[in-house]
Amino acid sequence: MLPVDDRPREKMAAYGASVLSDAELVAVLLRTGTMDKSALALADELTRDGGLYKRLAGMRQLQELMKFKGLGIAKASTILAAIEIGRRLASAKPIERASFSCPRDGADFLMPRLRFAQKEQFLVILLNSKNRLLGTELISEGSLTGAVVHPREVFQPAILQHAAAIVVAHNHPSGDPYPSIEDEQITNMLVAAGKTLGIPVLDHLIIGDGTYYSFQEEGAL
């Protein structure tokens, strides 16, 4: 049996959550292990070699977690709920105060949501006349093409919510935010459509692993 100071729950009670390792935090969520492995051993497998960030942080479906031996629906649900809570807390801002005065503001807002996503997601950020956030809309998920990211789908929520301007964004699961030729073509298409509709596209942000590319900053709009 582990000494009291090495048991994750007891250690948390004595010293606080911040002193726990990634594996110990996940073990607290798991509560119990299996017949073959303790909760801590199972958690160590899940978080080994940066697994908390490389594997768990990007997961959104129970089936992804349940591929790990020892994780049934109860344990997988607990972990996924904790990941989603962390994701929401990391990106939380009071909507009435969130504003986008520069590309960094948009990147900081989107980074927690998109940094670890395992598929490309294309979003539109809706802004009022003072560049304050009205909301965000997921337009597509998966490989981006001009056929998938169509101006009709991008600008429809902007029209319905009376947005004065928009910022579009997507992630590169590879971690490298440098734009592809396809990204440039989509940007040019949306900028042209925005001019026609009177709803300007202020920027296209590409989110990578802790970094981003801004078409506005690069003078590419």
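**Exercise 1. The central strand pairing**

Six bridges connect strand β3 (residues 165-171) with strand β4 (residues 201-207) in this predicted model; determine in which sense the two strands run, and place the pair within its sheet.

*Solution.*
Step 1. Strands β3 and β4 run parallel. Within this pairing, His170 stands opposite Ile206 of β4.

Step 2. On β3 there is also a pairing with β1, which is antiparallel and comprises six bridges. Here the bridge partner of Ile125 is Val167 in β3.

Step 3. The sheet as a whole is open, has five strands in the order β2-β1-β3-β4-β5, and shows mixed pairing. Its edges are formed by β2 (133-141) and β5 (212-214), each of which pairs on one side only. From one strand to the next, the twist averages 20°.

**Exercise 2. Helices on the sheet and the cover of β3**

Establish which strands are touched by helix α8 and which are crossed by helix α9, then decide whether the residues of β3 are buried or exposed.

*Solution.*
Step 1. Helix α8 (residues 151-160) packs on the sheet and touches β1 (121-127), β2, β3 and β4. The direction of α8 makes about 30° with that of β1.

Step 2. Helix α9 (residues 181-197) lies across β1, β3 and β4, and runs at about 160° to β4.

Step 3. In a regular strand, side chains alternate between the two faces of the sheet. For β3, one side carries Ala165, Val167, Ala169 and Asn171, and the other Ile166, Val168 and His170; all are buried. The strand is thus mostly covered, with seven of its seven residues buried.

**Exercise 3. Two aspartates compared**

Classify Asp105 and Asp49 as buried or exposed, and locate each in the chain.

*Solution.*
Step 1. Asp105 has its place in helix α7. Because its relative accessibility is 18%, and buried means under 20%, Asp105 counts as buried. Apart from neighbours within four places in sequence, Asp105 is in contact with Ser99 and Phe100.

Step 2. Asp49 belongs to the loop between α3 (39-47) and α4. Its relative accessible area is 63%, and the limit for exposed is over 50%, so Asp49 is exposed.

Step 3. A distance completes the description of Asp49: Glu64 is 15 residues away in sequence and 18 Å away in space, C-alpha to C-alpha.

**Exercise 4. The largest pocket**

State the volume of the largest pocket, identify the elements that line it, and describe the lining by class.

*Solution.*
Step 1. The volume is about 530 Å³. The lining has 19 residues, of which Leu52, Ala57, Ala82, Ile83 and Gly86 are the closest to the centre of the pocket.

Step 2. Two or more lining residues come from each of α2 (22-30), α4 (51-54), α6 (73-91) and α7 (103-114). The most are given by α6, with six residues.

Step 3. By class, the lining holds 15 nonpolar, one polar and three charged residues.

**Exercise 5. The chain as a whole**

Summarise the secondary structure, the extent and the burial of the protein chain.

*Solution.*
Step 1. The chain has nine helices and five strands. Along the sequence they follow the pattern α-α-α-α-α-α-α-β-β-α-β-α-β-β.

Step 2. Along the principal axes, the C-alpha atoms fill a box of roughly 70 × 35 × 30 Å.

Step 3. Of the 221 residues, 40% count as buried. Among contacts with a separation of 6 or more, 58% are between residues 24 or more positions apart.

Methods
Residues numbered from 1 in each chain as written. Predicted model: local features only at pLDDT ≥ 70, side-chain atom pairs only at ≥ 80, totals over all residues. Heavy atoms only, no water. Pairing = 2+ DSSP bridges. Helix = DSSP H or I, 4+ residues; strand = E, 2+ residues; numbered from the N terminus. Axes fitted to C-alpha atoms, helices over the stretch in contact; angles between N-to-C directions. Contact = heavy atoms within 4.5 Å. 1 Å grid on protein atoms, 1.4 Å probe; cavity = no way out; pocket = protein on both sides within 12 Å on 5 of 7 lines; lining within 4 Å. Points joined across faces, edges and corners; volume = space filled by probe spheres on them. Nonpolar A, V, L, I, M, F, W, Y, C, P; charged D, E, K, R; others polar. Buried < 20%, exposed > 50% of the residue type's maximum accessible area, 1.4 Å probe, protein only.
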